[in-house]
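The exercises below ask the reader to work through the arrangement of helices and strands in one chain. Each task is followed by a solution that proceeds step by step.

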Amino acid sequence: MSDILNTMTAIHSHEERYEKLELLYRNEKEKKKILDAINTLHYRDECHVEIATVDEGEGHGFVSIEFHDDYDKEAGPFFDALIKKLGIDHCE
């Protein structure tokens, strides 16, 4: 059975050696699925990665994942795997 979150929005931004993915959730169930998916994926310990959850009230907000000084381009495969795991078909 597919683990698709039909209402989730993904926003990707990047600059040289920096990439960020924001996953907007609209309820606590979506938030939990995002955090669970992140915890199942791995990246090298040497990567400088920041993961933050921003609650905007009434169960909605976003999870931000930022790769800093990403010399080895770890973010791309990580974000691709995360998006696939969540069933998101495109980013804005």
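Axes are lines fitted to C-alpha atoms, for helices over the stretch in contact, and angles run from 0 to 180 degrees between N-to-C directions. The model to which this is applied is a predicted one.

**Exercise 1. Describe how helix α1 and helix α2 are placed against each other, and classify their crossing.**

Step 1. Helix α1 covers residues 28-40 and helix α2 covers residues 75-86; their axes come within 10 Å of each other and cross at roughly 135 degrees.

Step 2. Angles over 145 degrees count as roughly antiparallel and those from 65 to 115 as roughly perpendicular, with oblique kept for the rest once angles under 35 degrees are set aside as roughly parallel. The crossing angle therefore makes α1 oblique to α2.

Step 3. As to handedness, the crossing of α1 and α2 is right-handed.

Step 4. On the side of α1 the contact is made by Lys33, Ile34, Ala37, Ile38 and Thr40, which meet Phe78, Leu82, Lys85 and Leu86 in α2. Sorted by class, this contact of α1 with α2 comprises six nonpolar residues, one polar residue and two charged residues.

**Exercise 2. Work out the strand order of the sheet, and state which strands lie at its edges.**

Step 1. Strand β3 (residues 48-57) and strand β4 (residues 60-68) run antiparallel and are joined by nine bridges, with Glu50 standing opposite Glu66 in β4. The two strands form a hairpin with two residues between them, and Glu58 in the turn has a positive phi of about 50 degrees.

Step 2. Strand β2 (residues 18-25) is likewise antiparallel to β4, to which seven bridges join it, and here Tyr25 stands opposite Gly61 in β4.

Step 3. The result is an open sheet of four strands in the order β1-β2-β4-β3, with antiparallel pairing. Its edge strands are β1 (9-15) and β3, each of which pairs on one side only.

Step 4. Averaged over neighbouring strands, and with direction ignored, the turn of one strand against the next is 15 degrees.

**Exercise 3. Determine which strands each helix touches, and in what direction the helix runs relative to β2.**

Step 1. Helix α1 packs on the sheet by touching β2, β3 and β4, and its direction makes about 145 degrees with that of β2.

Step 2. Helix α2 also packs on the sheet, touching β1, β2 and β4, while its direction makes about 15 degrees with that of β2.

Technical notes. Residues are numbered from 1 along each chain as its sequence is written. This is a predicted model: local features need pLDDT of at least 70, side-chain atom pairs count only at pLDDT 80 or more; totals for chains, interfaces and linings use all residues. Side-chain values use heavy atoms; hydrogens and water are left out. Two strands pair if DSSP finds at least two bridges between them. A crossing is left-handed if the near helix is turned anticlockwise from the far one by less than a right angle, and right-handed if clockwise. Contact means heavy atoms within 4.5 Å. Ala, Val, Leu, Ile, Met, Phe, Trp, Tyr, Cys and Pro count as nonpolar, Asp, Glu, Lys and Arg as charged, and the others, Gly among them, as polar.
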